[in-house]
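Q: Please take a close look at a single part of this model: its pockets and what lines them. Then follow the chain outward from there.

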Amino acid sequence: MQFKHVTLDFDGPVAILKLDHQEVMNAVSMDMLGGLGEALDAIDDKRDEVRCLVLTGAGRAFCTGANLQGRNSQKAGKSNAGQSLEIGFHPFLRRLRRLHCPIVSAVNGPAAGAGMSFALMGDMILCARSSYFLQAFRRIGLVPDCGSTWLLPRIIGKARSVELSLMGERLPAEKALEWGLVNRVYDDAVLMEEAIKLAHELANGPTVALSLIRKLYWDSSENSFEEQLNLEYESQRIAGSTEDFREGVGAFLEKRPAKFRGK
């Protein structure tokens with residue numbers, strides 16, 4: 001399926017959402033954000049079938065941030081650089097956070113600015129060896145956005161987050177792995193193969209429970225210990241009422257592989 005600067009394909013229960021504006025290395029425009037929204041609508045329409053999402057980029061880049069074409073014609077003090085965030089970027093990020101299934105980010109090249117935030121929305125983040133991350137905002141006189149100042153300190157700590165943002169230096173994939181920012185690094189040629197393989201492994205799992213796991217970890221940094229205990233209780237109550245729980249217990253007792261259905 002083709003949307004504005006976005007491609008959506010389905011490989012069985014796995015949706016593959018690809019940023020696809022290669023002329024600008026997949027920089028994000030309002031048109032692309034519209035296409036991303038339509039693609040998520042299509043995934044929602046098939047939510048009973050789609051059990052994992054792979055997010056990646058077409059061509060040489062994952063995403064090089066916001067598309068700045070035409071921005072240099074704006075007069076100082078007259079532009080509202082934050083407006084596009086609330087209109088376009090924030091709704092997309094919120095929808096990714098609340099997605100019904102796990103997300104695998106396959107970072108196939110530069111992930112800069114907003115593109116870095118997009119990548120970090122993945123529950124599992126896989127990188128090509130040649131890829132890198134970049135907090136590029138200081139290079140154009142802006143501050144980090146798209147949730148990066150919330151995400152980064154919680155993943156790699158304040159000191160490293162501030163350094164990335166103040167210095168605007170590239171963070172290579174191997175160093176990102178060392179810092180705990182990403183999960184796995186692969187040779188470029190096999191990145192997508194490995195991402196699809198992992199996505200199918202997740203899609204064949206107990207996806208109601210996996211969705212609840214996503215929510216637990218997203219909410220944990222904002223909750224007190226008591227609030228998190230209560231959320232775990234409520235989540236376990238839901239997971240324990242699923243067919244997959246009964247299947248998982250039965251498979252364990254019968255010493256056979258479980259056949260989860262996401263129900």
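A: Helices, of at least four residues, and strands, of at least two, are DSSP runs numbered from the N terminus. The model is predicted.

Start with the second largest pocket, where α8 is the element that gives the most to the lining, with five residues. Two other elements, α2 (83-97) and α4, also supply at least two residues each to this lining. The volume of the second largest pocket is about 480 Å³. Its lining holds 18 residues, and those nearest the centre are Leu93, Arg94, Arg97, Arg98 and Trp218. By class, the lining of the second largest pocket is made of seven nonpolar, four polar and seven charged residues.

The largest pocket encloses about 600 Å³ of space. It is lined by 22 residues, and Leu120, Gly122, Asp123, Tyr217 and Trp218 are the closest to its centre. Trp218 is thus listed by the centre of the largest pocket and also by the centre of the second largest pocket. Two or more lining residues of the largest pocket come from each of β7 (124-128), α4 and α8 (207-220). Here again α8 gives the most, with six residues. The lining of the largest pocket divides into 14 nonpolar, five polar and three charged residues.

Beyond the pockets, α8 packs with helix α9 (residues 225-239). Their axes lie 10 Å apart at an angle of about 175°, which makes α8 roughly antiparallel to α9. On the α8 side, Leu212, Lys215, Leu216, Asp219 and Ser220 make the contact, and on the α9 side Gln228, Leu231, Glu232, Ser235, Ile238 and Ala239. In this contact five residues are nonpolar, three are polar and three are charged.

The other helix to follow from the linings is α4 (residues 148-156). The axis of α4 comes within 7 Å of the axis of helix α5 (residues 158-167), and the two cross at roughly 135°. The helices α4 and α5 are therefore oblique to each other. Leu152, Pro153 and Ile156 of α4 meet Lys158, Arg160, Ser161 and Leu164 of α5. That contact has four nonpolar, one polar and two charged residues.

Next come the strands. One open sheet has three strands in the order β6-β8-β9, with mixed pairing. The edges of this sheet are β6 (111-112) and β9 (171-172); each has a single partner strand, so one side of each is left without a neighbour in the sheet. Strand β8 (residues 132-134) runs antiparallel to β9, and two bridges join them. Phe133 has Leu171 in β9 as its bridge partner.

At the start of the numbering, strand β1 (residues 2-3) is joined by two bridges to the antiparallel strand β2 (residues 6-11). Phe3 is paired with Val6 in β2. These two strands form a hairpin with two residues between them, and His5 in the turn has a positive phi of about 60°. Strand β2 also runs antiparallel to strand β3 (residues 14-19), through six bridges. Val6 stands opposite Leu19 in β3. The hairpin of β2 and β3 likewise has two residues between its strands, and Gly12 in the turn has a positive phi of about 60°.

Terms used: Residues numbered from 1 in each chain as written. Predicted model: local features only at pLDDT ≥ 70, side-chain atom pairs only at ≥ 80, totals over all residues. Heavy atoms only, no water. Axes fitted to C-alpha atoms, helices over the stretch in contact; angles between N-to-C directions. Parallel < 35°, antiparallel > 145°, perpendicular 65-115°, else oblique. Contact = heavy atoms within 4.5 Å. Nonpolar A, V, L, I, M, F, W, Y, C, P; charged D, E, K, R; others polar. 1 Å grid on protein atoms, 1.4 Å probe; cavity = no way out; pocket = protein on both sides within 12 Å on 5 of 7 lines; lining within 4 Å. Points joined across faces, edges and corners; volume = space filled by probe spheres on them. Pairing = 2+ DSSP bridges.
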